[in-house]
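Hi everyone, thanks for making time for this. I'd like to walk you through a structure that is new to most of us, one helix at a time, so please have it up on your screens.

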Amino acid sequence: MKLPLMPKGTAVWLIENTGLTFTQIAEFCGLHELEVQGIADGDVATGMQGYDPIDNNQLTRDEIERCEKDSSAKLELIKSTVIESLPPRKK
């Protein structure tokens, strides 16, 4: 499964700006649900600035609204044929 860039920053933004469940955010960001709850409580990632996945072309507003209406739905990253067709980087 592909994860968003800056998963904790993305989780911070989703917690502050959406009505998604902790489970939905955790699955999308590749974090544990308790870690997302800790971010919401201010125990984890204190002082971390949120990373807007809409402005950074990782999610659409429609996708967030769809998942806010159905708590069992899972967020999906925007697919990009340009990024997915690139060869893997060598170290």
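Let's start with helix α1, where Gly-9, Thr-10, Ala-11, Val-12, Trp-13 and Leu-14 are buried. Do keep in mind as we go that this is a predicted model. So what covers the buried residues of α1? The cover includes α2, α3 and α4, and I'll take these partners in turn.

First, α2. How do two packed helices get described in general? By the angle between their axes and the distance between the axes. For α1 and helix α2, which spans residues 22-29, the angle is about 155° and the axes are 10 Å apart. Angles over 145 degrees count as roughly antiparallel, and that makes α1 roughly antiparallel to α2. The crossing of α1 past α2 is right-handed. If you want to find the contact on your screen, look on the α1 side for Pro-7, Thr-10, Ala-11, Leu-14 and Ile-15. Across from them, α2 brings in Ile-25, Phe-28 and Cys-29. Sorted by character, the residues of this contact come out as 7 nonpolar, 1 polar and no charged.

Now turn to α3, which covers residues 33-41. The axes of α1, residues 7-17, and α3 come within 10 Å, and they cross at roughly 60°. That makes α1 oblique to α3. Here too the crossing is right-handed. Which residues meet in this contact? From α1 we have Lys-8, Ala-11, Val-12 and Ile-15, and from α3 we have Glu-35, Val-36, Ile-39 and Ala-40. This contact of α1 with α3 divides into 6 nonpolar residues, no polar ones and 2 charged ones.

Let's stay with α3 for a moment and ask which of its residues are buried. The buried residues of α3 are Val-36, Gly-38 and Ile-39. They cover an arc of only 155° around the axis, which puts them on the same side of α3. A general reminder helps here: an α-helix has 3.6 residues a turn, so residues three or four places apart point the same way. Now rotate the view to the face of α3 turned away from its buried side, and you'll see the exposed residues Leu-34 and Asp-41 there. As for what covers the buried residues of α3, that includes α1 and α2.

One residue in α3 that I'd like to point out is Glu-35. Is Glu-35 buried, exposed or partly exposed? With a relative accessible area of 24%, Glu-35 is partly exposed. Leaving out residues up to four places away in sequence, Glu-35 touches Lys-8 and Val-44. You can also compare Glu-35 with Pro-7: these two are 28 residues apart along the chain, and their C-alpha atoms are separated by 11 Å.

Next up is α4, residues 61-69. Its buried residues include Glu-63, Ile-64 and Cys-67. These cover an arc of only 100° around the axis, which puts them on the same side of α4. The buried residues of α4 pack against α1 and α2. On the face turned away from that buried side, α4 carries the exposed residues Asp-62 and Lys-69.

Also in α4 is Arg-66, which counts as partly exposed at 38% relative accessibility. Setting aside neighbours within four places in sequence, Arg-66 is in contact with Ala-73 and Lys-74. From Arg-66 to Leu-20 the C-alpha distance is 10.0 Å, and the two are 46 residues apart in sequence.

To finish, a few words on backbone angles. Where do we find positive phi values? Just after α3, Gly-42 has a positive phi of about 90°. Met-6, in the segment before α1, has a phi near 50°, a positive value in a residue other than glycine. Met-6 is partly exposed, with a relative accessible area of 48%. Then there is Asn-57, in the loop between α3 and α4, with a positive phi near 55°, again in a residue other than glycine. Asn-57 counts as exposed, at 59% relative accessibility.

That's my tour. Thanks for listening, and I'm happy to go back to any part of it.

Methods
Residues are numbered from 1 along each chain as its sequence is written. This is a predicted model: local features need pLDDT of at least 70, side-chain atom pairs count only at pLDDT 80 or more; totals for chains, interfaces and linings use all residues. Side-chain values use heavy atoms; hydrogens and water are left out. Axes are lines fitted to C-alpha atoms, for helices over the stretch in contact, and angles run from 0 to 180 degrees between N-to-C directions. Helices (H or I, at least four residues) and strands (E, at least two) are DSSP runs, numbered from the N terminus. Angles under 35 degrees count as roughly parallel, over 145 as roughly antiparallel, 65 to 115 as roughly perpendicular and the rest as oblique. A crossing is left-handed if the near helix is turned anticlockwise from the far one by less than a right angle, and right-handed if clockwise. Contact means heavy atoms within 4.5 Å. Ala, Val, Leu, Ile, Met, Phe, Trp, Tyr, Cys and Pro count as nonpolar, Asp, Glu, Lys and Arg as charged, and the others, Gly among them, as polar. Buried means under 20% relative accessible area, exposed over 50%, partly exposed in between (1.4 Å probe, protein chains only). The arc is that of the directions from the helix axis to the C-beta atoms.
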